[in-house]
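Welcome! Here are a few short exercises to help you find your way around a new structure. Try each one yourself before reading its solution.

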Amino acid sequence: MALNTLEFDLKLDEVTHSIDTPIHLGVVGSGDMEVLMEPKDLKGAVSVRIVTPVAGFDELWKRVVEKFVSETLLGDVHLEINDNNATPAVVLLRLRQGFAEATGE
Amino acid sequence: MSTNSTEKKWDRRSADTAERLEAASRYIGPGKQFKPEDTVALLEAVIRAGDRVNIEGNNQKQADFLAECLNKVDKSRIHDLHMVQSAVPLPVHLDLFENGIAKKLDFAFGGPQAGRVAKFISEGKLELGAIHTYLELFGRYFLDLTPKVSLICAYKADREGNLYTGFNTEDTPTIVEATKFRQGIVIAQVNEIVDKLPRVDIPADWIDAVVESPRPFFIEPLFTRDPGLVTESQILLAMLCLKGIYAEYEVKRINHGIGFLTSAIELLLPTYGEELGLKGKACTHMILNPHPTMIPAIESGWVDTIHCFGGELGMEKYVAARPDVFFTGPDGTLRSNRAYAQTAGHYALDMFIGGTLQIDKYGNSSTATASRVAGFGGAPNMGCDAKGRRHVTDSWLKCGKEMPTLDRQIGNMPRGKRLVVQGVETFGEGRAPVFVEELDAWKLAENANLDLPPVMIYGDDLTHVVTEEGIAYLNRCADIDARMAAIRAVAGYTEIGIKANPDETRQLREAGIVKTPEDLGVDRSRANRSLLAARNIRDLVSWSGGLYNPPARFRNW
């Protein structure tokens, strides 16, 4: 199975906050994904790297991650996603669960 | 009063049947039995070209041996048959059209053969009468689609020809009643012939001939969902449903679809449902096959009554041990009956909840794809507001009261409404968007020359949509524009969802027409598999005290 790698950066205009410690959540089971979030000095930006077996959904990935970043006001964080056919619903759920764990919210 | 030779005859049907049975009499012995090797010859004796023929093909049990034999008849004599039957799930059902034995089809559910149905229509091999719901088709068995010959199946026959349909009675009584009482011919295949039946489900004098099939009929465990495959996203949706709909309306009388979302709901009843205080207030009466994932809720005392369309492999002993809940016969085994379950499903339910492949911007939903004539079985009977309903329940009244513009249709007359709920992730398998501008059903209508796009649930019947984004309470919308806005608000990142206007969505939230998980107070971080009352098939076996006996393919421990 050929894997596709998608990399992009996001930066909000608003004041952002980072996380204190790296966290890892989820497993690369079928229909699921794992996410690694780590604090990183990116001048307020979020860097994203997604490895996925599915091609042709770059715009969708960007929309979903943008929504997550704008609702959490995240900055100075690197996100690493290893995907195995997770739906956008699962992606957002994992990201939100990861954020809740990282910030203790 | 005199009689003369031109007097009209009033018994042509029974005379015709008698003539055919006379031709078949050399194959039929004591107890109406015939030998498997004589089956083709017997069918050739009783069936004529152009006949309306039913092959019992339910959701589950299949008259597969008789269907195979019908494919072997001499097609120079028997051709242009008009097949009228619930389902065509087996390859042999479509082989009849390929082989030039059958010509026309009226049915309700295509299942795995849906692609061939569409292909044969476009190739001119199959003339489609109509795609029905079960109740419509059953109704037409007693009007204009009565079978002349029906090929049915049962578990057992006795030495006189009485039949035991037992756990999976499904459609048998309906088919036999329509056929036999219109002077037609009923032929049964059974798994075994015994001296004494556990109970008589079909009396011998409604049957013309019985064969002990060379092998047991095919039966599919269609309603078994492995809790091990329930995802956290489905658990989140299930939590939203329980808090935003089950608790909000206190719906007691429910049908669950067969997808994983409703399995997740069933498995959350004894945990999250109990926490919400819903026990005794929701899910007390259900029209449902014996879903294994209902075992924890039943064992926890949630359920008063379950009536079943059919059975489910492996649930025989469990059901027999819970006669206070299930409908069982004097012999102690389940009596299912699709016609009665569908009637209850159409008229007496307060809520239908299920999933779909596509929902359009107006709220119409369908599982039809451009190249498959699948049909919907019973979902549309339950997934609609039965306008003939007159009795009242609290949830039905509440759902109707919330409709702000009912008065524009019927003036000041109060009326309730069935809850019809679709629960979906915004993207389905293979990241196919569930919310679409136009249903694939339109393309199918074009490809297969249908008069109407096959719609499973019409937009005006749909009252609630649940996605990971939240719940759209469509029954609270004043008009189609508001409904479309509410649908957009929960459609996520699909092409429909990204058209949502944030201001409009905010107004809908303030009006209680759209509720997000946060609005409902559902904590996403609790959407975890530890919330399931059973996490795998083995847990279900334990809950059942060892009474549930899962089919081999589900035994993975």
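A residue counts as buried if 20 or more other C-beta atoms lie within 10 Å of its own, as exposed if 12 or fewer do, and as partly exposed in between. Keep in mind that this is a predicted model.

**Exercise 1.** Is S30(A) buried or exposed?

*Solution.* Start by finding S30(A) in the loop that links β2 and β3 of chain A. Next, look at its surroundings: 10 other C-beta atoms lie within 10 Å, so S30(A) is exposed. Leaving out residues up to four places away in sequence, S30(A) touches N84(A) and N85(A). Finally, check the record: an unreviewed UniProt entry lists S30(A) under "modified residue: O-(phosphoribosyl dephospho-coenzyme A)serine".

**Exercise 2.** In what order do the five strands of the open sheet lie?

*Solution.* Begin at the edges, where β1 (4-11) and β2 (23-25) of chain A each pair on one side only. Then fill in the strands between them: the order in chain A is β1-β4-β5-β3-β2, with mixed pairing. From one strand to the next, the twist averages 10 degrees. Now take a closer look at β1(A), which runs antiparallel to β4 (residues 45-52) of chain A and is joined to that strand by eight bridges. Here you can spot E7(A) opposite R49(A) of β4(A).

**Exercise 3.** Which strands does helix α1 of chain A touch?

*Solution.* Follow residues 58-72, which form α1 of chain A: this helix packs on the sheet and touches β1 and β4 of chain A. Its direction makes about 35 degrees with that of β1(A). Then move on to helix α2 (residues 88-103) of chain A, which lies across β2 and β3 (32-39) of chain A and runs at about 35 degrees to β3(A).

Notes
Residues are numbered from 1 along each chain as its sequence is written. Chains are lettered from A and ligands numbered from 1 in the order in which they are written. This is a predicted model: local features need pLDDT of at least 70, side-chain atom pairs count only at pLDDT 80 or more; totals for chains, interfaces and linings use all residues. Two strands pair if DSSP finds at least two bridges between them. Helices (H or I, at least four residues) and strands (E, at least two) are DSSP runs, numbered from the N terminus. Axes are lines fitted to C-alpha atoms, for helices over the stretch in contact, and angles run from 0 to 180 degrees between N-to-C directions. Two residues are in contact if their C-beta atoms, placed from the backbone, lie within 7 Å. UniProt positions are given in the numbering used here, feature names are shortened, and annotations may be inferred rather than shown by experiment.
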